[in-house]
Amino acid sequence: MLVDPAPRGAIPFGIASFRIAGYALWPFGRTTVLRHDAGVGSAVGNVIWIIFAGWWLALGHIVTGLALCVTIIGIPFGIANFKMIPISLVPLGRDIVPTDQPFATR
């Protein structure tokens, strides 16, 4: 019997997880922008993401960001944690772009 190791529906969530990991690895000089071509699938996926993982990740970034902002050295890392909150809460339908690109401000 042949068993599919990964359900096909999990692929967008895996891509979003890698996007978050890359942004967490180096958030400085990059920002997130909304993709205007994202459809209803992204909205439904974001609702599922918020229920199962998003609010835990966002809460973790809030607590860690506040703890890091207590020290002077930790303030840039605390700000980087606060930048992670929107993409960890609703990652589908977003792109990560360098801040020096013209469309990064949209």
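**Reading a fold, step by step**

Q: I have V44 in view; in which element is its place?
A: V44 sits in helix 2, which covers residues 40-68. Keep in mind that this is a predicted model.

Q: Is V44 buried, partly exposed or exposed, and why?
A: Relative accessibility is the guide here: under 20% is buried, over 50% is exposed, and partly exposed lies in between. V44 has 46%, so the residue counts as partly exposed.

Q: Which residues form a nonpolar patch on the surface?
A: V44 belongs to that patch, together with V40, V47, I48, I51 and F52. Their accessible area adds up to about 610 Å². There is a general idea to keep beside this: in soluble globular proteins, nonpolar side chains tend to be buried together. There is also a helpful rule for helices: with 3.6 residues a turn, residues three or four places apart point the same way.

Q: Where is I51, and is this residue buried or exposed?
A: I51 is another residue of helix 2. Its relative accessible area is 52%, so I51 is exposed. Its C-alpha atom is 9.7 Å from that of L89, although 38 residues separate the two along the chain.

Q: Let me step back. How many helices and strands are there in the protein, and how do the elements run?
A: Count three helices and two strands. Starting at the N terminus, you meet them in the order α-β-α-α-β.

Q: How much of the protein counts as buried, and how much area does it expose?
A: Of its 106 residues, 26% are buried. The exposed area is about 7200 Å², and carbon and sulfur atoms make up 75% of that.

Q: How do I read a helix such as helix 3?
A: Compare its span with the expected one. Helix 3 runs over residues 75-89, which is 15 residues. From first to last C-alpha it reaches 22 Å, close to the 21 Å expected at 1.5 Å a residue.

Q: Which residues of helix 3 are buried, and what do they pack against?
A: The buried ones are G78, A80, N81, M84, I85, I87 and S88. They pack against helix 1 (11-25), strand 1 (30-34), helix 2 and strand 2 (94-98).

Q: Which residues make up the largest nonpolar core?
A: Five residues do: I20, Y23, W49, M84 and I87. Helix 1 and helix 3 are the elements that each give two or more residues to this core. Beyond its neighbours within four places in sequence, I87 touches R19, I20, Y23, T32, R94 and I96.

Q: What does sequence separation tell me about contacts?
A: It shows how the chain folds back on itself. Take the contacts between residues at least 6 apart in sequence: 72% of them join residues at least 24 apart.

Q: What is F13 in contact with, and where does it lie?
A: F13 is in helix 1. With 22% relative accessible area, F13 is partly exposed. Leaving out neighbours within four places in sequence, its contacts are G45, I48, W49 and L92. F13 and P91 are 78 residues apart in sequence, yet their C-alpha atoms are 8.6 Å apart.

Q: And G93: where is it found, and is it buried or exposed?
A: G93 is in the loop between helix 3 and strand 2. Its relative accessible area is 10%, so G93 is buried. Apart from neighbours within four places, G93 contacts V33, L34, R35, A38 and S42. The C-alpha atoms of G93 and R35 are 5.3 Å apart, with their positions 58 residues apart in sequence.

Conventions: Residues numbered from 1 in each chain as written. Predicted model: local features only at pLDDT ≥ 70, side-chain atom pairs only at ≥ 80, totals over all residues. Heavy atoms only, no water. Patch = residues over 30% accessible without salt bridge, like charges linked within 9 Å, V, L, I, M, F, W, Y side chains within 5 Å. Areas by Shrake-Rupley, 256 points an atom, 1.4 Å probe, with all protein chains shown as cover. Salt bridge = Lys/Arg side-chain N within 4 Å of Asp/Glu carboxyl O. Helix = DSSP H or I, 4+ residues; strand = E, 2+ residues; numbered from the N terminus. Buried < 20%, exposed > 50% of the residue type's maximum accessible area, 1.4 Å probe, protein only. Expected span 1.5 Å × (residues − 1). Contact = heavy atoms within 4.5 Å. Core = buried A, V, L, I, M, F, W, Y, C linked by side-chain atoms within 4.5 Å.
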